[in-house]
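Welcome to this tour! Open your viewer, get ready to select things one by one, and let's take a walk through the model together.

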Amino acid sequence: MFVLHGSSRENGNTESIINLLLEGIEAERIYLREKNILPIVDKRHDPEGFPQRHDEYEEIAKKMLEHDTIIFATPLYWYGMSGTMKNFIDRWSESLRDPDLRFAERMKNKKMYVVIVGGDDPKRKALPLIMQFQYIFDFVGASFEDYIIGEGNKPGDIMTDHEALHKARFLNKVLKHKK
């Protein structure tokens with residue numbers, strides 16, 4: 001299991017619900033806030049292709065490809081995913097054109113989960129982001145298994161969203177069963 005944390009806040013609401021979701025489950029966790037991932041320079045249509053970037057993107061992408069189940073955890077920032085997560089996913093365009101990586105082939109049939117936490121009516125306002133993840137996963141042939149949308153603004157608020165906590169406990173059982 002692989003968790004891609006997109007929050008800029010350490011020990012925030014998104015991380016708290018992920019901790020509940022993964023209780024008793026071994027997972028490799030990457031905190032994008034701690035990584036250097038440069039924005040994409042789109043060279044898809046240039047004969048020379050994408051330039052070599054000197055950051056940590058490729059290392060993280062390779063680690064992600066080693067896992068069958070991937071969880072994307074992000075706060076709802078301005079009704080979308082965090083910038084660090086968006087940078088990471090934008091760079092998939094490079095990976096899709098890297099024949100040595102076999103990104104498209106290796107992403108097929110991976111099990112994807114999404115966890116989003118926001119403070120401004122997220123159960124409704126995060127739904128377009130859920131659709132965006134659905135389209136992203138469809139594009140690479142991965143399976144969108146399930147999601148949690150939690151409500152929390154200040155640190156600790158997520159612990160009062162009983163619906164999100166219940167769903168995290170439920171998915172914890174599902175994921176333990178799939179091991």
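Before we start, one term: two strands pair if DSSP finds at least two bridges between them. The strands themselves (E, at least two residues) and the helices (H or I, at least four residues) are DSSP runs, numbered from the N terminus.

A word on what you are looking at. This is a predicted model, in which local features need pLDDT of at least 70 and side-chain atom pairs count only at pLDDT 80 or more, while totals for chains, interfaces and linings use all residues. Residues are numbered from 1 along each chain as its sequence is written, and side-chain values use heavy atoms, with hydrogens and water left out.

**Stop 1: the whole chain**

Show the protein chain as a cartoon and colour it by secondary structure. You should find eight helices and five strands. Walking along the sequence, you meet them in the order β-α-β-α-β-α-α-α-β-α-α-β-α. The radius of gyration (taken over C-alpha atoms) is 16 Å, close to the 16 Å that the globule rule gives for 179 residues, so the protein chain is as compact as a globular protein of that length. That rule is 2.2 Å times the number of residues to the power 0.38. Along the principal axes, the C-alpha atoms fill a box of roughly 55 × 35 × 25 Å.

Now think about what is covered. Of the 179 residues, 46% are buried; buried means under 20% relative accessible area, exposed means over 50%, and partly exposed is in between (1.4 Å probe, protein chains only). Next come contacts, meaning heavy atoms within 4.5 Å. Among contacts with a separation of 6 or more, 74% link residues 24 or more positions apart.

**Stop 2: strand β3**

Select residues 69-75, which form strand β3. Is this strand mostly covered or mostly open? Seven of its seven residues are buried, so to speak a strand that is mostly covered. Look at both faces: T69, I71, A73 and P75 lie on one side, I70, F72 and T74 on the other, and all are buried.

Which strands pair with β3? Add strand β4 (residues 111-118), which pairs with β3 in the parallel sense over seven bridges. To see one of the matches, label F72 and its bridge partner in β4, V114. Then add strand β1 (residues 2-5), which pairs with β3 in the parallel sense over four bridges. Here V3 has I71 as its bridge partner in β3.

Zoom in on T69, in strand β3. T69 has a relative accessible area of 16%, so it is buried. Leaving out residues up to four places away in sequence, T69 touches M1, F2, K111, Y113 and L175.

**Stop 3: strands β1 and β2**

Stay with β1 and show its side chains. Both faces are covered: F2 and L4 on one side, V3 and H5 on the other, all buried. Now select strand β2 (residues 28-31), which runs parallel to β1 and is joined to it by four bridges. The bridge partner of F2 in β2 is E28.

In strand β2, pick I30. I30 counts as buried because its relative accessible area is 5%. Not counting residues up to four places away in sequence, its contacts are F2, V3, L4, H5, K35, I60 and K63. Try a distance label between the C-alpha atoms of I30 and K63: these residues are 33 apart in sequence and 9.4 Å apart in space.

**Stop 4: helix α1**

Move to helix α1 (residues 13-21) and select E15. Is E15 buried or exposed? Its relative accessibility is 7%, so E15 counts as buried. Beyond its neighbours within four places in sequence, E15 is in contact with H5, R9, E10, Y31 and R33. Now find G152: it is 137 residues away from E15 in sequence, yet 11 Å away in space, C-alpha to C-alpha.

**Stop 5: two loop residues**

Most residues other than glycine have a negative phi. Select N11, in the loop between β1 and α1. Phi of N11 is near 60°, a positive value, and N11 is exposed at 52% relative accessibility.

Finish at W78, in the loop between β3 and α3 (83-90). Phi of W78 is near 50°, again positive, and with a relative accessible area of 81%, W78 is exposed.
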